[in-house]
Amino acid sequence: MIPENILSILIFLPLAGAGIVLLLPNRETATIKGWALLTTLLTLAANIWAWTHFEGKTDFEFQKTYLWIEAFNIYYRIGVDGVSFLLISLTNFIMPIAVLCSWREIQTRVKEYMFVMLVLHTGMVGTFAALDGFLFYVFWEVMLIPMYFLIGVWGSGRKIMAAFKFILYTMAGSLLMLVGILYIYFKAGQSFNLLQWLQTPFSFAEQFWLFLAFALAFAIKVPIFPLHTWLPDAHTEAPTAGSVILAGILLKMGTYGFYRFAMPLFPDAVFYFTPHILTLAVIGIVYGSLVAMVQKDIKRLVAYSSVAHLGFVMLGLFVLNSRGVEGAVLQMLNHGLSTGALFLLVGMIYERRHSRLIADYGGIAKIVPMYSFFFLFVTLSSVGLPGLNNFVGEFLVLLGAFEFDWFWAAVAVVGVVLSVCYMLWMVERVFFGPVKQEENRGLKDLGWREAAILVPMCALMLLIGVYPKPLLDKMHASTDAFLKLATRQAEQTMAYDER
Amino acid sequence: MITLNHYLILAALLFCIGIFGVIVRRNILIILMSIELMLSAVNLVFIAFSRYLGGLDGHVWVFMVLTVAAAEAAVGLGIIVAVFRNKETVYVDEVKELKG
Amino acid sequence: MLDLIYKYVSPQTLAWLIVAFPLAGALLNGIHSLLAGRFHFKPSKVFTSILGVGLPFFSFAVTLIIFATLIGFPQGQEPTMITGPLFEWAATQGLSITFGLKLDQLSLVMALIVTGVGSLIHLYSTGYMAHDEGYARYFSHLNLFLTFMLLLVLGDSLVLLFVGWEGVGLCSYLLIGFWFEDPYKAYCGKKAFIVNRIGDTGFLLGMFLIYTALAGADLPAEQHQNQFFNFEVIRHFSAYLLPAATPICLLLFLGAVGKSAQIPLYVWLPDAMAGPTPVSALIHAATMVTAGVYMVARLSFLYVMSPFAMEVVAWTGAITALFAATIGLLQTDIKKVLAYSTISQLGYMFLALGVGAFSAGIFHLMTHAFFKALLFLGAGSVIHALGGEQDITKMGGLKERMPITCWTFVIASAAIAGIFPFAGFFSKDAILWHTFHGGHISLWLIAFLGAGLTAFYMFRLVGMVFFGEPVMKAAQWMKVHESPPSMASVLMILAVLSAVGGWIGIPYALGGGDHLQEWLAPVFAKTVGVIEIGSHATEIVMAVLSLLWALHFVILAWVIYAQRKEWPARMAGRLRLLYRLVFNKYWIDEIYNFLIVRPLIWTSEKFLWGIMDVRLIDQFGVHGTGRMMLVWNRLVTLMQTGVVQQYLFFFVVGVILIIWGMLFK
């Protein structure tokens, strides 16, 4: 019972938790928080169990199919391959941390907050697990609404504007995707089954437009330059947990969408669009880094750095070789960890000092040594220091890109330099030098709860940096299968050329 | 000899007069009466065809329309009274609640 | 003795222990320091010292054991040890990266230098940093540095080398900015990291090019097992790299230029002097900055395939050697003089590599590690005694108060100046001789000129600091004291090494055995032109010539700066423009700032962010779309008059049109 339904358990355990949270009385905030934490921890435990049973085979594992809406041939069809399983694991790892970091930050409407978080959790895991076009779309939307509320209700500053921007941007894209899904549905003989879709031949014109429809939805989510402007606003105004989830998981929905739908389904279009997407990816890397460099708000800086990091992921996906793709997938996880941790750290200092402006700090390394250590550690991970997680991903992506064409790697490598510039410059202004503001003298160093959040994250960063092989092993078979699908066209063309 | 066409032309004339009344007149009572006129025109067509085709369906529909017209007149007059109480006018161009 | 050791541990384990000891020290000291900072207790000095100094010495001892083992190998057997992969780091289709150590002649020499000099400097630091509140943090960083440096020199693949390469960069960043309350020092640390990163991009691309060239060549899989970054594999298949040799070598050399502070990326090293002086000695003189030299030497088999790349290396080295020496002439900060001299000496090493005299380069690297570490530690001793004073115009006559420091410093200066029989004489002479002998006359001239300048600025320093009349006030003068034994003993050990360290490389021409060259030769690829020893007579003449050349500058500097202090001022007055140009270091920093840094920040802030992002994409694109909606909204609401009769009119018109269409279509 449990083994075969483990994936459904992972998806719906948080939702069940959310249901119970709803039943609890409003005033019992401690119980509500505790219950939410327990739910996420249970999910994590289930995920660890699944980890030991996940084999990393070519086809989807933990597959399960139930008929859902017969009239339209809609199924509840779930299953994971190496990549989606890793992303689900990341989600389940991040969620308890997100709940923990909201412990003191969220004081109003705690019950609603935790409810929304848990629904979001279900939405995210479901999106990664869905193998049915319709189900995917449902989960995709289920995930957007809670995020909208997270930003709009518990955010700060111009939160309504940010929330609207977020939802309108994403909705605009996802509606086009819906049109695409429906088109394929009829084309594939009234089926939402992804596996069947993959068997369906599309003409080039169809691929062209369908790829555009899907790519736009995903590109907004990634975000690819120039569709990124919702990101700094949403990140900056969201509560800490919101930023963490946004950076850690929601952005990966875009790249995951490319990996799962846009690229394997439309190989001709991929072949056609590769140069364009690569161009946008490297522009994103360089542009994101440069703009990040001159930000005055720490959170905004980290947000722009996400644009750059996701540029690496896109670069890796579209160079279409094993190094690039595995690097890209690893980079998705790494970005989730590192940038997530950066947002956590910014959130912690914001909780104490209620400012995110770089200029309000300076010299605090002396006052909060433990905090500074963790911040520096995460910073170094983010800039891709060898021995920490990001290096592995960036290395593989750049290697893949170089193999594809040295030009892309040569441009992208500039991002490696710039990342040091913006991160270390920020660190220098925030942590080093003399203490400029008297208020900062009273800052408290990390407490046990905060240490409990950061230590596992940093440990994982180190672990991935030193020994990434277990993660790569889980994804080999899946990325190989993906490459076979996504390069169908390239092979045909080459065969044609040879003739 | 009065043929079906005569009836239809008469009905069309009545209908056009009704529409004209609805569009042009400002007094809400007269608009309501013009609507009744349009309904009567439709009834005339029904009866004429019923006779021409020799069936009873048309008659049945006329009764139906008469009933609806009565109900409509009742509701319409009720609304007019309500509007008059609120706005103290029966001229429709002075009631612009729907302006965007 | 060795048998006894190997009864309990395998050689492989021992090799890993070299790296593991400092790592353990770094971790323990790091945690210790962190907890102390968090819970506000004073970190235990004894604990820190025992771990922080003891573990590097253990590491040194282990290196010695392995060295003893390897030289004990029977004749004809390559004295090389490979640990084999400890674990596979990453693997994808067509790529496998494993972590393993390789101890051959070259890496062992490097490891001995790193652990030996490193341990001594750790010991010295216990005295130098004794009163610093960041004592534990300091040692954790320093130990971490040793770990990464050892990974760099012992790693068996380019990737592991790169891990160490960036790791030492990190430690350098942390240690330069060790006193981070001073914004200038924090700035210097960041600058070092960034400039190094610029070079590292070249290194990365070079690595990728090697991979692409090898992976695309369809080689027998059982011979490489996809480990295309492994030195053995690269060397074995180096013939396949021939077409790409020039770009590979140049790209990798860019990395070396960054790490080893050559033109044009040398600007970080003078600023790196902001760190504690023992750090400058260890990282920015003896070990880390020589990583570039090590890398080029390690990949000598690649470089000899590209004569053009060799030319570039040689010329970069030679020009840097001379250029930095001229700047060193006029610096007034004791550490800055030494910093420029380091850049200059590194230039000599690259010159040696560039003309194909790889072992001469490594030889100079070794002697340089001894005497430059000694110079920095001596400078540290002076700074320590004067309570942080670094300006040499405010010193003078310190010989009286700190004799040990003075005389060890003089020995080191003689070594760097190339005075017989001190270490530097032999190594520098080897470089000059090989340059000359290889037919690179113009390079030799530059190097020869640089050697004279080296002698001059070093003895200018000696004269101004230790000799002549004291400048400072009597009260202050009385406070000046010789350093504690922990520091002085290290100075003396290094002085011995600086004096006799060159004797293992005395060439045959001077009656020596050239042991180092013999030992290293199997590692290096051979280039045409430097293989045969050549005429001994010429070599002796050249050696005497360079000795006289150096000596004459030593005496000149001595006379000017210790006896006739008014001369320099007069000279400066005469050559005003030239003086200002050199004194301001040719304004290179300012030029970089003006040409690169400021435009970059300006473009990013004003154009990319201000105009592109905020105005164009966000305001115009995104909010513009929103505003377009509003415009449409206005248009449509015009129809929404609220007069029901108008609606009805539209309705009727619509119906008529539809009927019209149905009737007449």
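In which loop of chain C is W587(C) found? To answer this, select W587(C) in your viewer, bearing in mind from the start that the model you have open is predicted. W587(C) is found in the loop between α26 (576–583) and α27 (588–637) of chain C, and its phi is near 55°, a positive value in a residue other than glycine. Most residues other than glycine have a negative phi, and most peptide bonds are trans. W587(C) is exposed, because the count of other C-beta atoms within 10 Å is 12.

**Chain C as a whole**

Now colour chain C by secondary structure, and you will find 28 helices and 4 strands in that chain. The C-alpha trace of chain C spans about 120 × 70 × 60 Å along its principal axes, and of the 665 residues in chain C, 55% are buried. Among the contacts in chain C with a separation of 6 or more, 80% are between residues 24 or more positions apart.

**A hairpin in chain C**

Select residues 87–92 of chain C, which make up strand β2, together with residues 95–99, which make up strand β3; these two strands run antiparallel and are joined by 5 bridges. If you label E88(C), you can look across to T98(C) in β3(C), which stands opposite. The two strands form a hairpin with 2 residues between them, and in the turn G94(C) has a positive phi of about 80°.

**Two helices side by side**

Next, show helix α17 (residues 358–385) of chain C together with α4(C); their axes come within 11 Å and cross at roughly 5°, and therefore the two helices count as roughly parallel to each other. To see where they touch, display the side chains of L106(C), V109(C), I113(C), V117(C), I121(C), Y124(C) and Y128(C) in α4(C), which meet I362(C), M366(C), A369(C), A373(C), L377(C), G380(C) and H384(C) in α17(C). The residues of this contact divide into 12 nonpolar, 2 polar and no charged.

Stay with α4 (residues 105–128) of chain C and select H122(C), which lies in that helix. Is H122(C) buried or exposed? H122(C) counts as buried because it has 27 C-beta neighbours inside 10 Å. Leaving aside neighbours within four places in sequence, H122(C) is in contact with G52(C), V53(C), P56(C) and L142(C). For a longer view, draw a distance from H122(C) to F323(C), which are 201 residues apart in sequence and 32 Å apart in space, C-alpha to C-alpha.

One further stop in this chain is the peptide bond that joins I263(C) and P264(C), which is cis, with omega at about 5°; P264(C) lies in the loop between α10 (245–259) and α11 (268–271) of chain C.

**Moving to chain A**

Select P223(A), which lies in the loop between α8 (204–221) and α9 (230–237) of chain A, and inspect the peptide bond from V222(A) to P223(A), which is cis with omega near -10°. From V222(A), go on to M314(A), since the two are 92 residues apart in sequence and 8.5 Å apart in space, C-alpha to C-alpha. M314(A) lies in helix α12 (residues 298–318) of chain A and is buried, because 27 other C-beta atoms lie within 10 Å. Not counting residues up to four places away in sequence, M314(A) touches V222(A), I224(A), T255(A), I277(A) and A281(A).

Then turn to R109(A), in the loop between α3 (82–101) and α4 (110–129) of chain A, where phi is near 50°, a positive value in a residue other than glycine. R109(A) is partly exposed, because 15 other C-beta atoms lie within 10 Å.

**Where the chains meet**

Finally, show all the chains and ask which of the 2 pairs of chains in contact shares the most contacts. The answer is chains A and C, where 45 residues of chain A are in contact with 43 residues of chain C. On the chain A side of this contact, α16(A) makes the largest share, with 10 residues, and the residues of that side divide into 32 nonpolar, 5 polar and 8 charged.

The contact between chains C and B takes 10 residues from each of them. Select helix α28 (residues 644–664) of chain C, which gives the most to the chain C side, with 5 residues; that side divides into 5 nonpolar, 5 polar and no charged residues. Between chain A and chain B there is no contact, and their closest C-alpha atoms lie 24 Å apart.

Methods. Residues are numbered from 1 along each chain as its sequence is written. Chains are lettered from A and ligands numbered from 1 in the order in which they are written. Two residues are in contact if their C-beta atoms, placed from the backbone, lie within 7 Å. Ala, Val, Leu, Ile, Met, Phe, Trp, Tyr, Cys and Pro count as nonpolar, Asp, Glu, Lys and Arg as charged, and the others, Gly among them, as polar. A residue is buried if 20 or more other C-beta atoms lie within 10 Å of its own, exposed if 12 or fewer, and partly exposed in between; C-beta atoms are placed from the backbone. Two strands pair if DSSP finds at least two bridges between them. Axes are lines fitted to C-alpha atoms, for helices over the stretch in contact, and angles run from 0 to 180 degrees between N-to-C directions. Angles under 35 degrees count as roughly parallel, over 145 as roughly antiparallel, 65 to 115 as roughly perpendicular and the rest as oblique.
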